[in-house]
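Trainee: Hey, I'm new to this one. Can you walk me through it?
Mentor: Sure, let's pull it up and go topic by topic.

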Amino acid sequence: TTADSKPLLVLENFIAGKFVPCSSYIDSYDPSTGDVYCRVPDSGREEVEAAVKAAKAAFPIWSSKSPLERSQILNKLADLIEHDLEAFAQAESKDQGKTITFARTVDIPRAVYNFRFFASSILHHTTECTEMATVGCVHYTSRAPVGVAGLISPWNLPLYLLTWKIAPAVACGNTVVAKPSEMTSVTAWMMCKLLEKAGVPPGVVNVVFGTGTKAGEALVCHPDVPLISFTGSTLTAQRITEKSAPHCKRLSLELGGKNPAIVFDDADLSQCIPTTLRSSFANQGEICLCTSRIFVQRGIYSEFLKRFVAEAKKWKVGNPSDPTVDVGALISKEHLEKVRSYVKKAQAEGARVLCGEGVDSLALPTGNQKGYFMLPTVITEVKDESCCMQEEIFGPVTCVVAFDTEEEVIERANSVKYGLAATVWSSNVGRVHRVARRLQSGLVWTNCWLIRDLNLPFGGMKASGIGREGARDSYEFFTEVKTITIKH
Ligand code: NAD
């Protein structure tokens with residue numbers, strides 16, 4: 001039983017359309033209380049083997065269905081998740097520590113939309129055809145699903161990111177073995193309960209729960225899983241690349257970021273400040289696209305800083321289930337300590353912490369005293385070489401520094417190993433285009449943040465990843481193309 005004597009939630013793997021218990025389990029914590037509330041299968045090679053076998057067996061039938069048949073099933077699944085949106089949102093918030101508001105308005109609606117989006121986009125792809133009249137030939141391309149896809153996802157946007165992989169993979173006719181993060185497995189398990197009702201045949205979607213080193217690695221090393229779509233840290237991606245190399249697997253890697261916001265002196269601060277607060281602190285700063293380096297042009301630097309810090313102090317930290325709370329709990333005790341350690345390092349280097357960790361006091365409700373909470377923290381007077389300006393912190397911490405020229409800020413923004421997302425704030429259209437083109441970043445938002453058209457490519461350059469996801473990109477990743485030549 002849990003600390004408040006409720007029975008522990010015990011998850012089971014979902015293989016070949018059935019829930020199956022595992023021989024061993026790992027504890028999963030409620031980040032807002034620090035209590036164990038759930039037990040997650042500690043799957044290994046055996047469970048992965050069974051799941052891959054089921055996925056292989058389901059492939060011939062699923063891959064031969066028409067896109068329209070698959071589309072109808074995915075739309076049904078979207079409807080079923082949407083019908084239970086509140087239950088999914090509650091579960092995501094409890095399991096991950098994120099606010100109920102974020103789970104209700106971002107995570108679960110997006111999970112629903114992922115299925116609807118790929119259910120629709122799969123109906124609209126066309127293949128290529130060229131003609132060589134002089135030799136009497138036409139060439140055309142044909143695309144087919146690859147087989148069993150291995151899908152590995154992180155803990156920050158659990159169902160959102162897992163369905164961003166499952167939806168395109170199965171829409172294209174592949175079958176899948178998915179492994180969510182061991183820290184946030186509950187909503188994936190809830191989704192499995194809806195698959196049969198949606199009409200997903202047994203074995204098309206299998207979910208194996210467990211750790212990265214055991215279950216994840218067994219999936220990466222399995223010879224019958226020719227493609228792996230992974231979202232997570234750059235360090236894990238290196239390991240996955242190494243482990244999959246002997247099999248020459250196809251990899252899609254969506255990794256970390258150290259995302260800059262560049263605020264020019266002609267920016268509309270009434271838009272820029274609230275959006276940059278969100279881009280720094282939304283979901284506790286635990287989004288790969290979060291801003292963590294804010295470059296502000298010298299002329300407006302003090303005004304920006306004053307207003308930004310004053311607004312940051314208004315963000316309410318507390319029980320994630322309270323709808324008035326803006327910042328929930330971080331994912332784990334270890335992660336909280338890691339994020340805090342960056343603030344300490346910055347202080348030791350001579351930087352100034354203007355609000356948050358170590359500066360302001362955090363009053364928590366009685367039941368949340370042992371939760372993994374932290375105040376939104378703003379650091380300034382920090383050098384570009386500092387670890388706080390170079391490494392991904394992945395928490396509610398952002399650095400604000402001044403710059404003088406366009407040329408200078410482009411160079412400084414690019415001087416990290418990552419290249420995922422950037423935001424540019426300016427009312428000069430010419431400048432916006434110039435800067436966007438030169439930033440080493442897979443995504444550039446100007447005068448906004450996190451507005452996505454899923455049709456277009458998503459992904460990072462440099463250490464932020466390999467490959468892109470989106471309507472066309474995911475279709476290409478999850479299918480094998482063939483060029484056919486006909487002489488007449
Ligand atoms: P992580 O790399 O620790 O874990 C991600 C997943 O990989 C988990 O399911 C984990 O169990 C599994 N895993 C760990 N070791 C493995 C191994 N050796 N073999 C196979 N699987 C393994 O990442 P995390 O801490 O869960 O997530 C945070 C990271 O994810 C951050 O770096 C963040 O930037 C990144 N992220 C990137 C994107 C993106 O789209 N670019 C989106 C969200 C998060």
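Mentor: One term before we start: a polar contact here is a pair of N or O atoms within 3.5 Å. Also keep in mind that this is a predicted model.
Trainee: Okay, so how far is that polar backbone atom of Gly232 from an oxygen atom of the ligand?
Mentor: The distance from Gly232 is 3.3 Å. Ser153 also has a backbone N or O atom 2.7 Å from a ligand oxygen, and a polar side-chain atom of Trp155 sits 2.8 Å from a ligand oxygen.
Trainee: How much of the ligand does the protein bury?
Mentor: The protein buries 90% of the 840 Å² that the ligand exposes when taken alone.
Trainee: And how many residues surround the ligand?
Mentor: There are 29, and the closest are Ser153, Glu182, Thr236, Leu255 and Glu392.
Trainee: Switching topic: where does UniProt put the "active site" feature?
Mentor: The unreviewed UniProt entry places that feature at Glu254. Glu254 lies in strand S12, which covers residues 250-254.
Trainee: Is Glu254 buried or exposed?
Mentor: Glu254 counts as buried because its relative accessibility is 3%. Its contacts farther along the sequence include Phe230, Gly232 and Arg468.
Trainee: What about disulfides, how many does a search of the whole structure find?
Mentor: The search finds 0. For Cys22, the nearest cysteine sulfur is that of Cys38, 13 Å away.
Trainee: Why is there no bond between Cys290 and Cys288?
Mentor: Their sulfurs are 8.1 Å apart, so they are too far for a bond. Cys290 is also buried, at 7% relative accessibility.

Terms used. Residues are numbered from 1 along each chain as its sequence is written. This is a predicted model: local features need pLDDT of at least 70, side-chain atom pairs count only at pLDDT 80 or more; totals for chains, interfaces and linings use all residues. Side-chain values use heavy atoms; hydrogens and water are left out. UniProt positions are given in the numbering used here, feature names are shortened, and annotations may be inferred rather than shown by experiment. Helices (H or I, at least four residues) and strands (E, at least two) are DSSP runs, numbered from the N terminus. Buried means under 20% relative accessible area, exposed over 50%, partly exposed in between (1.4 Å probe, protein chains only). Contact means heavy atoms within 4.5 Å. A residue is near a molecule or strand if one of its heavy atoms lies within 4 Å of it. A polar contact is a pair of N or O atoms within 3.5 Å; within protein, one must be able to donate a hydrogen and the other to accept it, and residues adjacent in sequence count only if both atoms are side-chain atoms. Accessible areas come from the Shrake-Rupley method with a 1.4 Å probe; for residues, only the protein chains shown count as cover. A disulfide is a pair of cysteine sulfur atoms within 2.5 Å. Lists of a residue's contacts leave out its neighbours within four places in sequence.
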